[in-house]
Amino acid sequence: MEWTPMEINPEMMDKLGVGGNWSFVDVLGLEGDQLSAVPKPCCALMLLFPLTQQHESFRQKQADKVAAGSEVYFLKQSVGNSCGTIALLHSVGNNKDKMTFSKYITGQRGFVLFLQAIKEAHNDIAAEGRCVPEADKVNFHFIAFVNVNGQLYEFDGRMDGAVNHGDTTDDTFVMDAAKVCLGFMKREKDEVRFSAVALSKLNTN
C-alpha cells in the first residue's frame with residue numbers, strides 16, 4: 001500500500017493542521033546568511049533528500065546509534081510515500097508543549113496515523129503539488145530534526161528509532177541540525193537535489 005508522493009511545500013504541509021502561530025518556512029540554504037534568515041524560535045527542521053546506495057550504506061553503519069528509551073515520540077514508516085507526513089508528525093509530536101495538531105490528536109500518544117482521514121488528507125495535499133513525480137520513479141525521502149530536552153534527534157521512519165546527535169539548545173538548534181544535513185550533502189558528492197523546511201513561530205503583529 002502506498003500514498004501519493006508529497007513534494008516539500010510549506011503551504012501544503014500547514015494544511016495538515018499545525019495549530020497556533022507555528023508554520024513551515026523554506027530554508028534557502030544551510031550555511032551563512034541564508035541559514036540565519038530562518039525565523040526563530042524554530043523547533044524542527046525537515047530535510048528532503050534522494051535515497052542512494054551511499055545513503056543506504058551509511059544507514060547500515062548507524063544501526064547501533066538508535067536511541068533507546070521512550071524520551072521521544074517515534075513512528076515507524078510502514079506505508080510507501082508517507083515519509084512527508086511521518087516527518088511532520090515527528091516534528092509536531094516532539095513539540096506538543098509548543099503547539100497543537102488538533103485534526104488528528106485522539107488521546108494516548110496523540111496521533112491516529114493510519115485512519116482513513118489522515119490518508120485522505122495526505123493524498124489531497126500531495127495532489128495539489130505543482131511538481132508531479134513520474135510513476136515508479138520517486139526516490140526521495142523526508143526526515144525530521146527536533147530538539148528534545150536539549151538533545152538533537154534525527155527522526156527517520158525507515159529506521160527503528162531516533163538517532164541522537166548530541167547536545168543542542170534553542171539558540172543553536174538550527175545551526176546544529178544544519179550541520180547534520182550538510183553531512184548528508186557531503187556524502188553525495190555529485191547530488192544537488194536537497195531541500196529543507198523549518199517549523200518556526202512567526203510574528204503575527
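A charge is said to sit over a ring if NZ of Lys or CZ of Arg is within 6 Å of the ring centre and within 35 degrees of the ring normal. The exercises below concern a predicted model.

**Exercise 1. Identify the residue whose charged end sits over the ring of Phe184, and describe the helix H6.**

Step 1. The charged end of Arg187 sits over the ring of Phe184, at 4.8 Å from the ring centre.

Step 2. Helix H6 covers residues 173–187, which makes 15 residues. From its first C-alpha to its last, H6 reaches 22 Å, close to the 21 Å expected at 1.5 Å a residue.

Step 3. Among the buried residues of H6 are Phe173, Val174, Ala177, Cys181 and Phe184. An α-helix has 3.6 residues a turn, so residues three or four places apart point the same way.

**Exercise 2. Determine where the two positions of the UniProt feature "active site" lie, and whether they are gathered or scattered.**

Step 1. The unreviewed UniProt entry places the feature "active site" at Cys83 and His141. These positions span 59 residues in sequence, yet no two of their C-alpha atoms are more than 6.3 Å apart, so they gather at one spot.

Step 2. Cys83 belongs to helix H4, residues 83–93, whereas His141 belongs to strand E3.

Step 3. A residue is buried when its relative accessible area is under 20%. Cys83 has 9% relative accessibility and therefore counts as buried. His141, at 2%, is therefore buried as well.

Step 4. Leaving aside neighbours within four places in sequence, Cys83 is in contact with Gln77, Phe140, His141 and Phe142. With residues up to four places away again not counted, His141 touches Leu47, Leu48, Phe49, Leu51, Gln77, Cys83, Asp156 and Arg158. Gln77 thus appears in the list for Cys83 and in the list for His141.

**Exercise 3. Trace the pairing of strands E2, E3, E4 and E5.**

Step 1. Strand E2 (residues 42–50) and E3 run antiparallel and are joined by seven bridges. Within this pair, Pro50 stands opposite Phe140 of E3.

Step 2. E3 (residues 140–148) pairs with E4 in the antiparallel sense over five bridges. Here Phe145 faces Glu154 of E4, and Asn147 stands opposite Leu152 of E4.

Step 3. E4 pairs in turn with strand E5 (residues 163–167), antiparallel and over three bridges. Tyr153 stands opposite Asn164 in E5.

**Exercise 4. Decide whether strand E4 is enclosed or open, and describe the aromatic pair formed by Tyr153.**

Step 1. Five of the five residues of E4 (residues 151–155) are buried, so the strand is largely enclosed by the rest of the structure.

Step 2. Both faces of E4 are covered: one side carries Gln151, Tyr153 and Phe155, and the other carries Leu152 and Glu154, all of them buried. E3 is mostly covered too, with eight of its nine residues buried.

Step 3. The structure holds two aromatic pairs. One of them joins Tyr153 and Phe155, with 6.2 Å centre to centre and 40 degrees between the planes. Planes under 30 degrees apart count as stacked and over 60 as edge-to-face, with the rest counted as tilted; the pair of Tyr153 and Phe155 is therefore tilted. Both residues are buried.

**Exercise 5. Find a residue with a positive phi and a cis peptide bond, and locate each of them.**

Step 1. The general expectation is the starting point. Most residues other than glycine have a negative phi, and most peptide bonds are trans.

Step 2. Asn149 is not a glycine, although its phi is positive, at about 55 degrees. Asn149 is found in the loop between E3 and E4, and the hairpin of these strands has two residues between them.

Step 3. The cut-off for an exposed residue is over 50%. Asn149 has a relative accessible area of 63% and is therefore exposed.

Step 4. The cis peptide bond joins Lys40 and Pro41, with omega about 5 degrees. Pro41 lies in the loop between helix H2 (32–36) and E2.

Note on methods. Residues are numbered from 1 along each chain as its sequence is written. This is a predicted model: local features need pLDDT of at least 70, side-chain atom pairs count only at pLDDT 80 or more; totals for chains, interfaces and linings use all residues. Side-chain values use heavy atoms; hydrogens and water are left out. Rings of Phe, Tyr and Trp (its six-membered ring) pair if their centres lie within 6.5 Å; planes under 30 degrees apart count as stacked, over 60 as edge-to-face and the rest as tilted. Buried means under 20% relative accessible area, exposed over 50%, partly exposed in between (1.4 Å probe, protein chains only). Helices (H or I, at least four residues) and strands (E, at least two) are DSSP runs, numbered from the N terminus. The expected span of a helix is 1.5 Å times one less than its number of residues. Two strands pair if DSSP finds at least two bridges between them. UniProt positions are given in the numbering used here, feature names are shortened, and annotations may be inferred rather than shown by experiment. Contact means heavy atoms within 4.5 Å.
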